Amino acid sequence: MGESMKSYRSHYSKDVTTEDYGKKITVAGWVEDIRNIGSIAFIILRDRKGTLQVTGLKKQHPELFEKLVGISRESVIAVEGLCKASDKARNGYEVIPEKFEVLSAAETPLPLGVVDKVESDLDTRLDNRFIDLRKPEIQAIFKIRTQVIAAIHEYLKSQSFIEVHTPNIIASSSEGGTDVFKLKYFEKEAFLAQSPQLYKQMLMATGLDRVYEIAWYFRAEEHNTRRHLNESTAVDLEMAFINSEEDVMKILENLVYNMWKRASKCTEELKILDKKVVLPKLPFKRLPYDEVIKKLNKNGSKITWGEDLGTEDERLLGEIMKKEGHEFYFITKYPIEVKQFYTMPEGEKYSRGFDLECKGVELASGSQRIHDVELLKKRLKECDLDPKDFESYLKAFRFGMPPHGGFGFGIERFLMELLEIKNIRECILFPRDRARLTP
Ligand code: AMO
């Protein structure tokens with residue numbers, strides 16, 4: 001106590017084995033709870049792998065005992081002591097302290113409880129995210145997130161995609177529209193990228209052929225919904241020499257399958273979250289937009305041909321498709337007028353653009369792109385955009401650009417659907433929304 005320890009941690013709570021019983025070990029973590037019953041005190045210490053019990057005996061070390069029981073909850077301590085088998089303690093052992101050091105004392109009161117029975121509201125939790133993240137059920141989301149991202153890299157590399165990183169400070173908006181964050185770039189005006197769209201397409205003119213990026217999207221969308229963030233992440237992919245958008249959809253459905261499969265192996269985290277992950281069946285249903293409108297109209301929606309699906313229509317379609325046995329489905333052959341300027345038209349009215357939906361929520365959208373520069377300029381103008389603002393992008397189409405296509409696939413949306421999380425803010429460490437800029 002007081003004196004510095006040689007090592008702060010020889011064992012994590014879950015790594016102690018029967019071989020350690022009877023030996024001296026050091027453990028470290030946050031003081032989750034202290035129960036002092038007079039002659040004996042139980043201190044529950046939490047580390048990244050779980051919790052363990054430190055049992056203080058007043059008779060053995062009266063001075064140490066007093067100091068130990070006086071520690072505030074959530075302080076960080078290291079304890080050296082005898083590891084003893086115990087039927088009553090969690091994990092089957094307890095640590096009888098001989099020395100301890102307070103590495104950082106927590107102030108009181110805590111702004112948020114870690115093990116409190118009362119549920120705090122989301123705002124309080126997000127305001128104190130560093131404490132919120134101490135909860136095993138919150139950590140589980142991010143442990144699964146790391147696994148699904150590993151699956152993205154693994155699957156796409158197996159399909160010969162290379163990982164790229166494109167600029168986030170850009171000179172023209174990537175998706176058209178007004179929801180861009182403007183910033184001052186020395187003497188010029190710049191924007192935060194809404195997506196890597198323009199750059200991943202320009203890379204198709206290089207011969208790299210298959211690229212992907214775990215990208216940041218910055219979108220100044222004013223509305224506050226449970227499925228929108230102003231800063232979000234996505235898998236952005238682009239591939240050249242495709243015959244149609246079908247080639248892109250095949251990669252996307254296999255990617256989803258591989259991510260889902262990897263998540264199904266996170267048994268410990270899924271148990272904490274009390275979730276079951278059932279593998280989807282491939283291929284996902286392809287549902288042309290025309291059929292979507294028919295189905296929706298038949299079920300009471302007033303949507304007319306040519307309109308994009310609103311949240312309510314998407315939800316209704318999710319219900320209809322679920323009844324037909326499809327949780328995942330593509331909406332294909334969208335009208336060209338609801339798709340972005342870079343989408344390849346098909347005939348007069350249609351496009352080669354698609355969305356991937358899961359239970360009524362859009363997870364991804366993509367398309368075959370226009371690779372003819374004159375057609376691209378025409379479409380820019382039709383979308384009320386000025387080709388002059390896109391000169392450096394258009395240049396990449398003038399000196400040899402193969403047919404290509406790709407998609408953008410929201411990682412937080414994916415986690416929401418995978419883990420049945422109601423609010424997208426739960427799926428990102430420090431969410432940015434209309435009202436939240438800190439922490
Ligand atoms: P889109 O704008 O449809 O397409 O975005 C692709 C996917 O990214 C996710 N996403 C979001 N997630 C949370 N909050 C947001 N504000 C948000 N915006 C988008 C969704 C969505 O399906 N460049 C095209 C993609 C392409 O064609 O390659 C694009 O950005 O899951």
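Student: What makes the link between Glu221 and a nitrogen atom of the ligand a polar contact?

Tutor: In this predicted model, a nitrogen atom of the ligand sits 2.9 Å from an N or O atom in the side chain of Glu221. The cut-off for such a pair is 3.5 Å, so this one counts as a polar contact.

Student: And what about the backbone, which residues come up there with an oxygen atom of the ligand?

Tutor: Gly408 has a backbone N or O atom 3.3 Å from an oxygen atom of the ligand. For Gly410, a polar backbone atom is also 3.3 Å from a ligand oxygen. Both values are within 3.5 Å, so these are polar contacts too.

Student: How do you know how much of the ligand the protein buries?

Tutor: Take the ligand alone and it exposes 620 Å². The protein buries 94% of that.

Student: Which elements give two or more residues to the shell around the ligand?

Tutor: Those are helix H5 (197-202), strand E17 (361-368) and strand E18 (404-410). E17 gives the largest share, five residues. In total, 24 residues surround the ligand, and Glu175 and Arg219 are among the closest.

Student: Okay, helices now. Why are H8 and H9 called roughly perpendicular?

Tutor: Their axes cross at roughly 90° and come within 10 Å. Angles of 65 to 115 degrees count as roughly perpendicular, so H8 and H9 get that label.

Student: What makes the contact, by residue and by class?

Tutor: H8 brings Val292, Lys295 and Leu296, while H9 brings Asp313, Leu316, Leu317, Ile320 and Met321. By class, that's six nonpolar, no polar and two charged residues.

Notes. Residues numbered from 1 in each chain as written. Predicted model: local features only at pLDDT ≥ 70, side-chain atom pairs only at ≥ 80, totals over all residues. Heavy atoms only, no water. Near = heavy atom within 4 Å. Polar contact = N/O pair within 3.5 Å; in protein donor to acceptor, adjacent residues only side chain to side chain. Areas by Shrake-Rupley, 256 points an atom, 1.4 Å probe, with all protein chains shown as cover. Helix = DSSP H or I, 4+ residues; strand = E, 2+ residues; numbered from the N terminus. Axes fitted to C-alpha atoms, helices over the stretch in contact; angles between N-to-C directions. Parallel < 35°, antiparallel > 145°, perpendicular 65-115°, else oblique. Contact = heavy atoms within 4.5 Å. Nonpolar A, V, L, I, M, F, W, Y, C, P; charged D, E, K, R; others polar.
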